[in-house]
Amino acid sequence: MYSATFIFATRQFDEAFHRLDRRITEIAKTVPGYLGEESWENTATGLTSNVYYWESLEALQQLMQHPDHLTAKREQAKWLAGYQVVVSQVLRMYGDGQLQDWLPVTAVA
């Protein structure tokens, strides 16, 4: 399993941003190999982090190469005051069992 963490600082969002953001989320969910996502906001730093989980790098690449994602990347400076993407391979996943598992158990060896 892989994760792609999109960390960003915002400027001002407009309707064009929200429309494109919704579209990319819809596209991601249709890509075979998409497992889910989480979003976090750090109010102290003003940063937001969206984490997307994928079965493979190929699945992640499908989203990254989609024309709408390329448009968002090209136009990001309109809405963002900086961003960083961290792509990681997930080696294991574990916990105390108190949180509901939302990823398939078979996704991580």
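Colleague: In which element is the place of Tyr83?

Modeller: Helices and strands are taken as DSSP runs numbered from the N terminus, where a helix is a run of H or I with at least four residues and a strand is a run of E with at least two. On that reading, Tyr83 has its place in strand β4. Before we go on, note that residues are numbered from 1 along each chain as its sequence is written, and that this is a predicted model, in which local features need pLDDT of at least 70, side-chain atom pairs count only at pLDDT 80 or more, and totals for chains, interfaces and linings use all residues. Side-chain values are based on heavy atoms, with hydrogens and water left out.

Colleague: Is Tyr83 buried, partly exposed or exposed?

Modeller: The idea is to use the relative accessible area, with a 1.4 Å probe and protein chains only: under 20% is buried, over 50% is exposed, and anything in between is partly exposed. Tyr83, at 36%, is partly exposed. Thr48, which lies in strand β3, is buried, with a relative accessible area of 12%. Over the whole chain of 109 residues, 33% count as buried.

Colleague: With which residues is Thr48 in contact, leaving aside its neighbours within four places in sequence?

Modeller: A contact means heavy atoms within 4.5 Å of each other. With those neighbours set aside, Thr48 is in contact with Phe6, Ile7, Phe8, Ser39, Trp40 and Glu41. For the chain as a whole, if we take the contacts between residues at least 6 apart in sequence, 72% of them join residues at least 24 apart.

Colleague: Which residues form the nonpolar patch on the surface?

Modeller: Patches are built from residues that have over 30% relative accessible area and no salt bridge, with like charges joined within 9 Å and nonpolar side chains (Val, Leu, Ile, Met, Phe, Trp, Tyr) joined within 5 Å. Here Tyr83 joins Leu57, Val85 and Val87 in such a patch, and together they have about 320 Å² of accessible area. That area comes from the Shrake-Rupley method with a 1.4 Å probe, and for residues only the protein chains shown count as cover. The largest share of the patch, 3 residues, comes from β4. As a general idea, the side chains of a regular strand alternate between the two faces of the sheet. By comparison, the accessible surface of the whole chain comes to about 7,600 Å², with 51% of it belonging to carbon and sulfur atoms.

Colleague: How many bridges link β2 and β3, and in which sense do these strands pair?

Modeller: Two strands pair if DSSP finds at least two bridges between them. Strand β2, residues 34–42, pairs with strand β3, residues 47–54, in the antiparallel sense over 8 bridges, and one of the partnerships is that of Tyr34 with Trp54 in β3. The two strands form a hairpin with 4 residues between them, and in its turn Gly46 has a positive phi of about 80°.

Colleague: Which residues of helix α2 are buried?

Modeller: In α2, residues 57–64, the buried ones are Ala59, Leu60 and Leu63. Seen down the helix axis they fall within an arc of 100°, so they line one face of α2; the arc is that of the directions from the helix axis to the C-beta atoms. These residues pack against β1 (2–10), α1 (15–30), β3, α3 (67–75) and β4 (80–89).

Colleague: How many salt bridges are counted?

Modeller: In general, side chains of opposite charge can pair when their charged atoms come close. The rule used here asks for a side-chain nitrogen of Lys or Arg within 4 Å of a carboxyl oxygen of Asp or Glu, and the count comes to 5. Arg22 and Glu15 meet at 3.1 Å, N to O, while the closest N and O atoms of Arg19 and Glu15 are 4.0 Å apart. Glu15 and Arg19 both lie in helix α1, 4 residues apart, about one turn of the helix. Another salt bridge, at 4.0 Å, links Glu26 with Arg23, and these two also lie in α1, 3 residues apart. Glu26 is partly exposed at 46%, and Arg23 is partly exposed at 38%. Salt bridges with shared partners join Glu15, Arg19 and Arg22 into one network.
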